[in-house]
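Please open the model in your viewer and keep the selection panel at hand. The stops below are meant to be followed in order.

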Amino acid sequence: MNNRKGIQTSLVPLIMTICLYVVFYSRIQSKPTSAGFWFILLMGIAIGLTVSRFFDWLKDRDKKS
């Protein structure tokens, strides 16, 4: 399996989560028993994953230079 650490790869989870949020915006409620709560949680996880992959990408890019 390839080890992809490009900037595009790091943005995929965040973009997919934002797209799902936009599509289902009218149905989202932020109660813990509804799916909106899980969208908000997923958005936080996606942002954290994107930030960590972005910094990994920067670190690898600096090593190659």
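Select the buried residues of helix H2 and display what surrounds them: the cover over these residues includes helix H1. The model is a predicted one. The residues to highlight in H2 are Gly 36, Phe 39, Met 43, Ala 46 and Thr 50, which are its buried residues. Their spacing may be read with a general rule in mind: an α-helix has 3.6 residues a turn, so residues three or four places apart point the same way.

Next, select the whole of H2, residues 35-64. This helix has 30 residues, and the distance from its first C-alpha to its last is 43 Å, close to the 44 Å expected at 1.5 Å a residue.

Now move to helix H1, residues 7-23. Which residues of H1 are buried? They are Ser 10, Leu 14 and Thr 17. The buried residues of H1 pack against H2.

Remain on H1 and select Pro 13, where the helix bends by about 30°. Then pick the C-alpha atoms at the two ends of H1: they lie 25 Å apart, which agrees with the 24 Å that its 17 residues should span at 1.5 Å a residue.

Finally, select the entire protein chain. Its secondary structure consists of 2 helices and 0 strands. Of its 65 residues, 14% are buried. Among contacts with a separation of 6 or more, 62% join residues 24 or more positions apart. With the surface displayed, the chain exposes about 5,400 Å², of which carbon and sulfur atoms supply 65%.

Notes
Residues numbered from 1 in each chain as written. Predicted model: local features only at pLDDT ≥ 70, side-chain atom pairs only at ≥ 80, totals over all residues. Heavy atoms only, no water. Helix = DSSP H or I, 4+ residues; strand = E, 2+ residues; numbered from the N terminus. Expected span 1.5 Å × (residues − 1). Bend = angle between axes of the 7 residues up to and from the residue. Buried < 20%, exposed > 50% of the residue type's maximum accessible area, 1.4 Å probe, protein only. Contact = heavy atoms within 4.5 Å. Areas by Shrake-Rupley, 256 points an atom, 1.4 Å probe, with all protein chains shown as cover.
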